[in-house]
Amino acid sequence: MAKPWNGRIGVNIIGGTRRVSRVLHEDAFEAGWRIGDTITEVCGHPVQTNEELKKTVKHALTQNEATGMALHFAIRRSFKPPDTSRGMLRMTPGTGGELTLPMKDLLANLVYELPVVVFLDGTLNRPNNNLSARAAEALLEAGVAFKAIDCTDEQFNPGVRAAVEELCGEYALPQLFAGGRALGNGYKIEEMHKAGKLATELKLAGAVSFTPSTVDALRQSAML
């Protein structure tokens with residue numbers, strides 16, 4: 001990381017830990033930060049506690065400002081095997097309990113963790129408008145694994161539509177995210193699909209191929 005952003009390293013850290021809770025913008029994502037990373041070193045200096053981390057980062061930022069010294073970090077990241085399925089996700093159990101984090105942060109975490117996420121008006125099986133239906137069809141034809149969220153389901157996904165608007169700056173649905181970035185709305189999805197570029201764009205963003213053997217279980221348990 002050659003330089004910080006506005007005097008910061010581009011991420012939020014969970015209080016009392018060294019674990020990244022939020023990647024603040026696309027440049028930080030491009031620099032390699034991911035939600036869930038645990039910082040173990042700052043510019044070659046090991047850090048064991050949150051206090052050590054804050055002190056060492058502050059010193060590194062001061063050095064960067066004074067000398068232009070590049071910032072570099074060592075992190076520990078858990079590895080998860082790629083999910084090769086497709087299906088609907090629900091953001092809450094639907095019991096109406098309080099969220100531990102704002103919905104925007106939960107969704108930001110989700111789109112960074114999952115290679116491809118599409119926010120629909122309706123479900124994959126029952127889209128509420130033509131754009132959502134065509135977006136779902138285009139993603140199926142692209143041959144990649146993805147997850148979809150029904151933004152109209154206020155029981156299980158309360159506040160999701162407003163949070164999606166905050167993330168991408170647009171109220172319209174559907175909205176497609178890949179590799180932690182907003183790729184566009186339904187018209188953009190359709191445009192990329194008709195140009196034969198959708199599958200390529202998604203795979204460049206980290207999408208993995210769909211494994212057909214999971215489809216029956218998904219239809220029964222997830223595509224509601």
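Reader: Before we look at β9 and β10, when do two strands pair?

Author: Happy to start there: two strands pair if DSSP finds at least two bridges between them. In this predicted model, strand β9 (residues 175-178) and β10 run antiparallel. The number of bridges joining them is four.

Reader: Which residue of β10 stands opposite Ala178?

Author: Ala178 belongs to the stretch 175-178, which is strand β9. Its partner has to be sought in β10, residues 181-185. The residue opposite Ala178 is Arg181.

Reader: Which strands are the edge strands of the open sheet?

Author: The sheet has five strands with mixed pairing, in the order β6-β8-β7-β9-β10. From one strand to the next, the twist averages 25°. An edge strand here pairs on one side only, and that description fits β6 (86-89) and β10 (181-185).

Reader: Which strands does α3 lie across, and at about what angle does α3 run to β7?

Author: Good one to check in the viewer! Helix α3 covers residues 103-113, and β7 covers 116-120. The helix lies across β6, β7, β8 and β9, and its angle to β7 is about 135°.

Reader: And what is the angle to β7 for helix α4?

Author: Helix α4 is made of residues 130-142. It, too, lies across β6, β7, β8 and β9. Its angle to β7 is about 160°.

Reader: Is α3 largely enclosed or largely open?

Author: Let's go through the residues: the buried ones include Met103, Asp105, Leu106 and Leu107. Ala108, Leu110, Val111 and Tyr112 are buried as well. Because eight of the eleven residues of α3 are buried, the rest of the structure leaves this helix largely enclosed.

Reader: How are α3 and α5 oriented to each other?

Author: Two packed helices are described by the angle between their axes and the distance between the axes. For α3 and α5 (residues 160-168), the axes are 9 Å apart and the angle is about 65°. An angle of 65 to 115 degrees counts as roughly perpendicular, so α3 is, relative to α5, roughly perpendicular.

Reader: What is the handedness of that crossing, and how many charged residues are in the contact?

Author: The crossing of α3 and α5 is right-handed. From α3, the contact uses Met103, Lys104, Leu107 and Ala108, while α5 supplies Val160, Ala163, Val164, Glu166 and Leu167. By class, this contact has seven nonpolar residues, no polar ones and, as charged residues, two.

Reader: Stepping back, what percentage of the protein's residues count as buried?

Author: The protein has eight helices and ten strands, and its C-alpha trace spans about 55 × 45 × 35 Å along the principal axes. Of its 224 residues, the share that counts as buried is 42%.

Key: Residues are numbered from 1 along each chain as its sequence is written. This is a predicted model: local features need pLDDT of at least 70, side-chain atom pairs count only at pLDDT 80 or more; totals for chains, interfaces and linings use all residues. Side-chain values use heavy atoms; hydrogens and water are left out. Buried means under 20% relative accessible area, exposed over 50%, partly exposed in between (1.4 Å probe, protein chains only). Helices (H or I, at least four residues) and strands (E, at least two) are DSSP runs, numbered from the N terminus. Axes are lines fitted to C-alpha atoms, for helices over the stretch in contact, and angles run from 0 to 180 degrees between N-to-C directions. Angles under 35 degrees count as roughly parallel, over 145 as roughly antiparallel, 65 to 115 as roughly perpendicular and the rest as oblique. A crossing is left-handed if the near helix is turned anticlockwise from the far one by less than a right angle, and right-handed if clockwise. Contact means heavy atoms within 4.5 Å. Ala, Val, Leu, Ile, Met, Phe, Trp, Tyr, Cys and Pro count as nonpolar, Asp, Glu, Lys and Arg as charged, and the others, Gly among them, as polar.
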